[in-house]
Amino acid sequence: MRFTPPDGVLNLAQTLDCGQSFRFYPVTLENNIPAWRGVAFSRGLTVYQDENNDLVLDCTEQEFRDIWFDYFDFNTDYKKSREVLSALHPALKEAAEFAGGIRILKQEPFEALCSFIISQNNNIPRIKGIIERLCLHFGEPFLYHNETRYAFPTPKKLASCTPEDLAPLRAGFRAKYLIDAAKRIASGEIDLESVRKMPLPDAKAKLQTISGVGPKVADCALLYGLHRTECFPMDVWMKRAVSLLPRLSPADFSENAGIAQQYLFHYVRMHPELFK
DNA sequence: CGCCAGGTAGGTA
DNA sequence: TACCTACATGGC
């Protein structure tokens, strides 16, 4: 089916390959059409944009309404956010013009938490590989276009694993962190939907009780998994990027902090030479 | 081959 | 509080 983004904002390459989600890969369809293919919410999806930038998806209207409309966050007006951010600072305006097609995906909370546990001291291609093997070995299989695909593992399934079980992932020291996160959630000690509703400091502190979850991973889990868009995950690259914004701090971005962060992250990542 | 990666835990001063 | 380092692995 086809869909026109109400706010006119969407660049699939920027959105699906900007370090927020890790399960989509570029593919080439018949007629040489470049597209993206991946898995979320236990469903496969292949998407591309036509000459009018409309979204073309291989799903029914029903499934689009149930899953993908919300996944791509089409209820939020990104044009408005981009305008607000652009007015704050010239450097932010430049980043927004460069990466203005980014939307913040509403991912599954447990998947986002695990993804960013895996991300620590790691690079994006290898993060994607580890997550792929995690799903292959421990995720529920399903059929997509007559091929077997794998959902992201449930907390219960991962909680029953030992670090030796996770050896095929080659996740290194992060394996024990994944198991701790899964156990704490499977046991009910941490309920991510409750965390979503907490005041930000409480939510962040709660997540940081998980071994392997520090301030950066907690912010990423909150932003990408629980859609707390006032979060601004701060890593080494972002610290450099923020130095471009004198007299402006992430707190000034308010509800648009996550979007600002994603603009800046993409801009910095694509211009490494400007940031030594 | 060496450097480094969307950091964090555990240790020390 | 403020640093210091080990950590597993492999992309480049």
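**Figure 1. Buried residues make up 53% of the 276 residues in chain A.** Buried denotes a relative accessible area under 20%, exposed one over 50%, and partly exposed anything in between, with a 1.4 Å probe and protein chains only. The structure is a predicted model, in which local features need pLDDT of at least 70, side-chain atom pairs count only at pLDDT 80 or more, and totals for chains, interfaces and linings use all residues. Residues are numbered from 1 along each chain as its sequence is written, chains are lettered from A and ligands numbered from 1 in the order in which they are written, and side-chain values use heavy atoms, without hydrogens and water. Chain A has 13 helices and seven strands (DSSP runs numbered from the N terminus: helices are H or I of at least four residues, strands E of at least two). Its radius of gyration is 19 Å, close to the 19 Å of the globule rule for 276 residues, so chain A is as compact as a globular protein of that length; the radius is taken over C-alpha atoms, and the rule is 2.2 Å times the number of residues to the power 0.38. The C-alpha trace of chain A spans about 50 × 45 × 35 Å along its principal axes. Of the contacts in chain A with a separation of 6 or more, 66% join residues 24 or more positions apart, a contact being heavy atoms within 4.5 Å. The accessible surface of chain A is about 12800 Å², with 52% belonging to carbon and sulfur atoms (Shrake-Rupley method, 1.4 Å probe; for residues, only the protein chains shown count as cover).

**Figure 2. The surroundings of DNA strand B comprise 24 residues, the closest being G19, N122, I124, D235 and Q261.** A residue is near a strand if one of its heavy atoms lies within 4 Å of it. Sugar or phosphate supplies 57% of the atoms of DNA strand B within 4 Å of the protein, and bases supply the rest. A polar backbone atom of G19 lies 2.7 Å from a base nitrogen of this strand, and an N or O atom in the side chain of N121 is 3.3 Å from a base nitrogen. On the phosphate side, a polar backbone atom of G214 is 2.8 Å from a phosphate oxygen of DNA strand B. The elements that give two or more residues to this surface are α11 (215-225) and α13 (257-270); the largest share, four residues, comes from α11. By class, the surface has 11 nonpolar, 11 polar and two charged residues. Nonpolar covers Ala, Val, Leu, Ile, Met, Phe, Trp, Tyr, Cys and Pro, charged covers Asp, Glu, Lys and Arg, and polar covers the others, Gly among them.

**Figure 3. DNA strand C is surrounded by N121, N123, P125, R126, R170, G172, F173, R174 and K176.** Of the atoms of DNA strand C that come within 4 Å of the protein, 65% belong to sugar and phosphate. Three side chains approach its bases. A polar side-chain atom of N121 is 2.8 Å from a base nitrogen. An N or O atom in the side chain of R126 is 3.0 Å from a base oxygen, and one in the side chain of R174 is 3.2 Å from a base nitrogen. The surface near DNA strand C divides into two nonpolar, three polar and four charged residues.

**Figure 4. Helix α11 is mostly covered, with nine of its 11 residues buried.** These buried residues are V217, A218, D219, C220, A221, L222, L223, Y224 and G225. Their cover includes α5 (109-118), α9 (192-197), α10 (200-207) and α13. Just after α11, H227 takes a positive phi of about 55 degrees.

**Figure 5. D7 occupies the loop between β1 (2-3) and α1 (12-16).** D7 counts as buried because its relative accessibility is 11%. A polar atom of the D7 side chain lies 3.0 Å from the backbone nitrogen of V9, and a polar atom of the same side chain lies 2.8 Å from the backbone nitrogen of Y78. Apart from residues up to four places away in sequence, D7 touches T76, D77, Y78, K79 and R103.

**Figure 6. D73 lies in the loop between α2 (61-71) and α3 (78-88).** With a relative accessibility of 1%, D73 counts as buried. Leaving aside neighbours within four places in sequence, D73 is in contact with Y78, R103, I104, K106 and H227. D73 and F142 are 69 residues apart in sequence, and their C-alpha atoms are 25 Å apart in space.

Terms used. Polar contact = N/O pair within 3.5 Å; in protein donor to acceptor, adjacent residues only side chain to side chain.
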